[in-house]
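Reader: I am new to this structure and should be grateful for a close look at a single part of it. Please begin with one residue and its setting, and then show how its surroundings connect with the rest of the model.

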Amino acid sequence: MISVLQKSKITANDASCVSSHNPGYTCFSECSLGEPRKFDPTFRGPIHNRSCTDALCCVLFIIVIFGYVALGTVAWIHGDPRKVIYPTDSSGQFCGQKGTPNAKKAILFYFNILKCASPAVLINLQCPTTQMCVSNCPDRFATYTDMQLQYRFNKSHWEYYKQFCKPGFNNPKKPVAQVLRDEDCPSMIVPSRPFLQRCFPDFITRNGTLTVANKTAFKDALDTARSVTELRDAANGITGILDAKQLGMKVVEDYANSWYWIVIGLIIALVVSLIFILLLRFTAGFLLWFIIIAVIVLVAYGIWHCYSEFTALRETPGADVTISDIGFQTDVHVYLQLSQTWLVFLVTLGLTEASIVLMLIFLRNRVRVAIALLKEGSKAISYITSALFYPVITFLLLVICISYWAVTAVFLASSGEAVYKVMSAQPNCKYTNLTCSPETFNSTNITKQCPGAQCLFAFYGGESAYHRYIFILQLSNLLVFLWLVNFTIALGQCTIAGAFASYYWAKRKPADIPPCPVFSSFTRAIRYHTGSLAFGSLILAFVQLIRIVLEYLDHKLKGAHNVFARFLLCCLKCCFWCLERFIRFMNRNAYIMIAIYGKNFCTSAREAFYLLMRNVVRVAVLDKVTDFLLFLGKLLVAGSVGVVAFFFFTHKIPIIQEEVPVLNNYWVPLLTVVFGSYLIAHGFFSVYAMCVDTLFLCFCEDLERNDGTPAKPFLMSPGLHRILGGVEQSPKKSRV
């Protein structure tokens, strides 16, 4: 009897599902994914009579902001950026700081660089040798023994060598063994040059041989023959760092010579983006198809050019060398002389071209639907033009967040006190790396048990509660930074969604569109929904923080041989990447529902999810196709401006050849122009993307609220209804 009643109840539910006003819904989706919206003659878009949502999270967000300000204040009080800017000698004094005895001594010198293991140790100031500030680095090979021998005949040798000894030491006749024991002077000096305000051996590679001042060998204070390779091993990787420094200097020089033309290129990108947006208003269909064809033609030209270069270099002697054989080179032209480089470009462009063509072949109907939505978005933007300039506000807020986070991080990192450690060259010294005090060190018995041990400055830290929790404070700084960045983006999305929702639900356009829709939507979001936006942003920030920690662990485990740990970490990274993408998608749609109905975050997210699932076929039809078309638009803007910049910086425009600045590498301003142009285009097209998403959700709501009769007319355009309204599941298939 009970089973019969259950069957009759299910049958009744099935009948109510099938008799719904939209036959495209499946019985399962309608009954388990929430009730469709009902017709409401008073509904006119974003609700004005609303109240504060997620107030608890709003209060927490405000408290955290005040706490963040307090954290920055404490960091600024305890921090000292000079610890980052200036190197520090063994006495804890800054090199090159004005108003100190070291004002004219801006470079740090190492008594015995052979004791240093790597450049990382040197930069961290934890090398077990005396470090002192000097005005110039040594420019010759010399040992203390040689200086003593030459001092008898010419005292100028001591005058030069003395500048690298401890201040106040003026006894060139002191026995060598005692000088080395007390580290009054370096046992030897080698030709060096300053880098990162520190003296490093002046390595030069000549005909594949590493030399210092044209020498491959030298003698130390004990008259023992030493090889230049020992210096290289002590400063492992320094040649690569010096090459990076040289490259950095060239980049700065190129920016200084070409900044004017870079700005002009970015202004051109801005104008092109604006023209593109205006043309979309009147010729959306034609322009979008033009974008698709233009990108295909542009990539095809790149394929042809790469193939031409590849075939030409294949016949050139020496061009068959692989990229791995030549390693890292600061001159990019070296890579362009290799056939393998152009083969890589050719394969990459070929795969890109094939992907675009295949997507157009198999997704042509989706492209047609996406173009219809973009046409509708163009109409909306023509009525709400001010929305195009809202990304400027988002950009300024993001700059403030990034700047505050970076400054606070630097001050936190430099907020420690000077810590001194026992440094001994003897491996069996039990006091090595123990904390010591320079004032009382000589009165202890450490020097007796470990001859030659010294109390040297090691790093900045401390034993107080504040110093012990600096790492936790840095993580908190990062988490709040991610929260604020996500909140800024969420505020922009909610603001733009509210503005375009007011356009969609206006019966008479533009008469029923409220004045200043962007400003009105912005004030509603700030006044009523700060808590909801902060809630969604906090969830995303936690996931992003976990991803950052996983990336850090992955970086640390790169040299590990534990295959299972690497596999597990890879799986976690993949899972959290997918989770972040899903949360971004849900947050975006939740903010649209918040902008329209003014409900809390969880309710809005649930209703947005149910609405999308009730229209899952339409969502599948539009799946990322509009984003793909807008991406092609960004690519076309950045690519077209980049092509013009390429011809300009490579002297291929005859009219203005004389105006082209002299550059070390033309790719520096070229990449800057291309990347900047893409960001500018992204700022404009992001408004389009949010507009399309908002219109799509409003369209789905419109289908549920209205049926197209005179009593319940649709608010969508006839063209949009003709294309999207017909995308429905078959009733027969839906019940199977």
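**From a loop to a buried serine**

Author: Asp54 lies in the loop that joins helix H2 (27–32) to helix H3 (55–78). The model is a predicted one. Although Asp54 is not a glycine, its phi is positive, at about 50°.

The stretch before Asp54 meets a distant part of the chain. Arg524, a residue of helix H19, touches Pro46, Ile47, His48 and Arg50, and these four numbers fall between the end of H2 and the start of H3. Arg524 and Pro46 are 478 residues apart along the chain, yet their C-alpha atoms are separated by 9.9 Å. Beyond the neighbours up to four places away in sequence, Arg524 also touches Gly498 and His529. Its relative accessibility is 11%, and because the limit for a buried residue is under 20%, Arg524 counts as buried.

The helix that holds Arg524 is preceded by a second residue with a positive phi. Cys516 is in the loop between helix H18 (470–504) and helix H19 (517–528). The phi of Cys516 is near 50°, again a positive value in a residue other than glycine. Cys516 has a relative accessible area of 54%, which is over the 50% limit and therefore makes it exposed. Arg524, by contrast, is buried.

Gly498, which Arg524 touches, falls within the range of H18, and this helix leads to another packing. H18 packs against H15 with the axes 10 Å apart and an angle of about 175°. As that angle is over 145°, the two helices are roughly antiparallel. The contact between them contains 17 nonpolar and seven polar residues, with no charged residue. H15 itself covers residues 390–413, and its 24 residues reach 35 Å from the first C-alpha to the last, close to the expected 34 Å. Its buried residues are Tyr390, Pro391, Thr394, Cys401, Thr408, Ala409, Phe411 and Leu412.

Before H15 in the sequence comes H14, which is the setting of Ser378 (residues 364–383). The 20 residues of H14 should span 28 Å, and the end C-alpha atoms are 29 Å apart, which agrees. Many positions of H14 are listed as buried, including Val369, Ala370, Ile371, Glu376 and Ser378. At 2%, the relative accessible area of Ser378 is under the 20% limit, so Ser378 is buried.

The partners of Ser378 explain where the next links run. Leaving aside neighbours within four places, Ser378 is in contact with Leu280, Arg281, Ala284 and Tyr688. With Tyr688 there is also a polar contact of 2.7 Å between the two side chains.

Tyr688 belongs to the wider meeting of H14 with H25. From H14 come Leu373, Leu374, Glu376, Gly377, Ser378, Ala380 and Ile381, and from H25 come Val687, Tyr688, Cys691, Val692, Leu695 and Phe696. These residues divide into ten nonpolar, two polar and one charged. Glu376 is the charged residue, while Gly377 and Ser378 are the polar ones. The axes of H14 and H25 (residues 667–705) come within 9 Å and cross at roughly 110°. Because 110° lies between 65 and 115 degrees, H14 is roughly perpendicular to H25. H15 and H18, in contrast, are roughly antiparallel.

The other partners of Ser378, namely Leu280, Arg281 and Ala284, have numbers within helix H10 (residues 238–314). Phe290 is also found in H10. With a relative accessible area of 44%, between the limits of 20% and 50%, Phe290 is therefore partly exposed. Phe290 and Gly633 lie 343 residues apart in sequence, but 9.8 Å apart in space from C-alpha to C-alpha.

One further helix may be added. H21 (residues 563–597) has 35 residues and reaches 51 Å, close to the 51 Å expected. Gly598 follows H21, and its phi is positive, near 70°.

These details belong to a protein with 27 helices and 13 strands. Of its 736 residues, 44% count as buried. Among contacts between residues at least 6 apart in sequence, 72% join residues at least 24 apart. The pairing of Arg524 with Pro46 is one instance of residues distant in sequence that touch.

Conventions
Residues are numbered from 1 along each chain as its sequence is written. This is a predicted model: local features need pLDDT of at least 70, side-chain atom pairs count only at pLDDT 80 or more; totals for chains, interfaces and linings use all residues. Side-chain values use heavy atoms; hydrogens and water are left out. Buried means under 20% relative accessible area, exposed over 50%, partly exposed in between (1.4 Å probe, protein chains only). A polar contact is a pair of N or O atoms within 3.5 Å; within protein, one must be able to donate a hydrogen and the other to accept it, and residues adjacent in sequence count only if both atoms are side-chain atoms. Contact means heavy atoms within 4.5 Å. Axes are lines fitted to C-alpha atoms, for helices over the stretch in contact, and angles run from 0 to 180 degrees between N-to-C directions. Angles under 35 degrees count as roughly parallel, over 145 as roughly antiparallel, 65 to 115 as roughly perpendicular and the rest as oblique. The expected span of a helix is 1.5 Å times one less than its number of residues.
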